[in-house]
Every structure is written in structure tokens, then in C-alpha cells.
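Let's work through a few exercises on aromatic rings and nonpolar packing. Keep the viewer open and try each task before reading its solution.

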Amino acid sequence: MMEGQTLEQEYVAAKKKSAKPMLWVAMISMVMFFAGLTSAYVISMKRDDWVSFDLPQAFYISTALIILSSFTLLLSQRFLKQDKRQLSIILLLITFALGVAFVWQQYVGFNQLKSIGLFFTGPESTVSTSFIIGISFMHVLHILAGIIVLLVVIYNHFKYKYKPKDMLGFELGAIFWHFVDVLWIYLFFFFYFIR
């Protein structure tokens, strides 16, 4: 132990050193999960009962919302680094609202599919709709986890736990949020081009 360094300081240093690699490992496992699902989708397209259809309009709206949420979160982080806490918090709250709006638009999209007779399960379901709804729903679960992460970041931000030179929790939350955003953009374009 270095002279004058407490156990708590050593703990914080070790936590900072291990937090990002652990997050990257978790995200790599999520990428593998969705890669498996989209691979199964591609293989299933060869079935005789495969049905092609246009994506619901709400999926386009949700894609715009999620891209905008990444932008507001980037700005929030930049303002925090500049010690402009008020602007940072406002943009963080807007990011949260955009995340909730994304989830709502996904729900609307599922209902739009239902309204044209495309169901997840049951006698009227098709393999293609089951895949799209199932994969999208799994992504929504990851977005809900991201919303919980945002709530923790917002809470800590209000408690003044982040400073321009000490924002590890904020950075971890931002990395995860941007990850689920990019994941949805990948899924959206995958569904759009591979039908």
C-alpha cells in the first residue's frame, strides 16, 4: 500500500480499473445472444411458411427516438465534464423521457402488427412475426434495464456524486445506453433489409 493511501482509496481505484472491462464482457455476451437470434431468423427464412411484411410505422418512430436519446446523453455527459450541472441534468432527464417513449413506440408497433393480423403466438401467428416480435421484445427488456441504469445515474447526479473528473458511474451508464441504442439500430436495419 502506498503511504497515505487508505483502503477505501485502493478499493475505489480497483473498482475503476475493473468496472469498464466487466461491462464490456456483459455487452459482448448480449451481442452473442442477439447474433444467435438473428442467425436463427435468417435460417428460418427458408421455410415454406415464411411471411414477409413491412415493419410497423412505430418502429421507425422508435428508431428516431433512440438515436435522439443517444445524442442528448452525449450532450449531458459533455456538459457534466464542463461542470454545467443544470444543463447536464436537463439533458439526462430528456434522455430518460426519450427512452420511455421508445418503449411506448415498441408497444404501439406490436399492436400495429396485431391490427393487420400478425401475432406472436397462436394459430394466426407466423414464424416471421414470432421472430420479429420476440427479438424486439428481448431488446425492449434490455432497454428497460437501460432505463433503470438511467434512473440510477439521474439519482446519483442529483446527489452530486459525479464531478467533471470523477464520473465513472455516469460513463458506465452512458456506455450501456449507447450500446442498447446501437443494438436497436442494428436490429431495425436487419429487419428492414432482411425479409
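The exercises below use this predicted model.

**Exercise 1.** Classify the geometry of the ring pair Phe 102 and Trp 184, and say where the two residues sit.

*Solution.* Start with the total: there are 18 aromatic pairs in the model. For Phe 102 and Trp 184, the ring centres are 5.6 Å apart and the planes meet at 75°, so the pair is edge-to-face. An angle over 60 degrees is what that class requires. Next, locate the partners: Phe 102 belongs to helix 3 (residues 85-115) and Trp 184 to helix 5 (residues 168-193), 82 residues apart, so the pair links distant parts of the chain. Finally, check exposure: Phe 102 is buried at 0% relative accessibility, and Trp 184 is buried with a relative accessible area of 0%.

**Exercise 2.** Describe the pair Phe 190 and Phe 191, then find the aromatic cluster that holds them.

*Solution.* Their centres are 5.8 Å apart with 65° between the planes, an edge-to-face pair. Phe 190 is buried, at 8% relative accessible area, and Phe 191 is buried at 1%. Both join Tyr 41, Phe 131 and Tyr 186 in one aromatic cluster.

**Exercise 3.** Which helix gives the most residues to the largest nonpolar core?

*Solution.* First, the core itself: it has 43 residues, and those with the most contacts inside it include Tyr 41 and Phe 191. Helix 5 gives the most, with twelve residues. Now look at Tyr 41: beyond its neighbours within four places in sequence, its contacts include Trp 50, Phe 131, Phe 190 and Phe 191.

Note on methods: Residues are numbered from 1 along each chain as its sequence is written. This is a predicted model: local features need pLDDT of at least 70, side-chain atom pairs count only at pLDDT 80 or more; totals for chains, interfaces and linings use all residues. Side-chain values use heavy atoms; hydrogens and water are left out. Rings of Phe, Tyr and Trp (its six-membered ring) pair if their centres lie within 6.5 Å; planes under 30 degrees apart count as stacked, over 60 as edge-to-face and the rest as tilted. Helices (H or I, at least four residues) and strands (E, at least two) are DSSP runs, numbered from the N terminus. Buried means under 20% relative accessible area, exposed over 50%, partly exposed in between (1.4 Å probe, protein chains only). A nonpolar core is a set of buried Ala, Val, Leu, Ile, Met, Phe, Trp, Tyr and Cys residues joined through side-chain atoms within 4.5 Å. Contact means heavy atoms within 4.5 Å.
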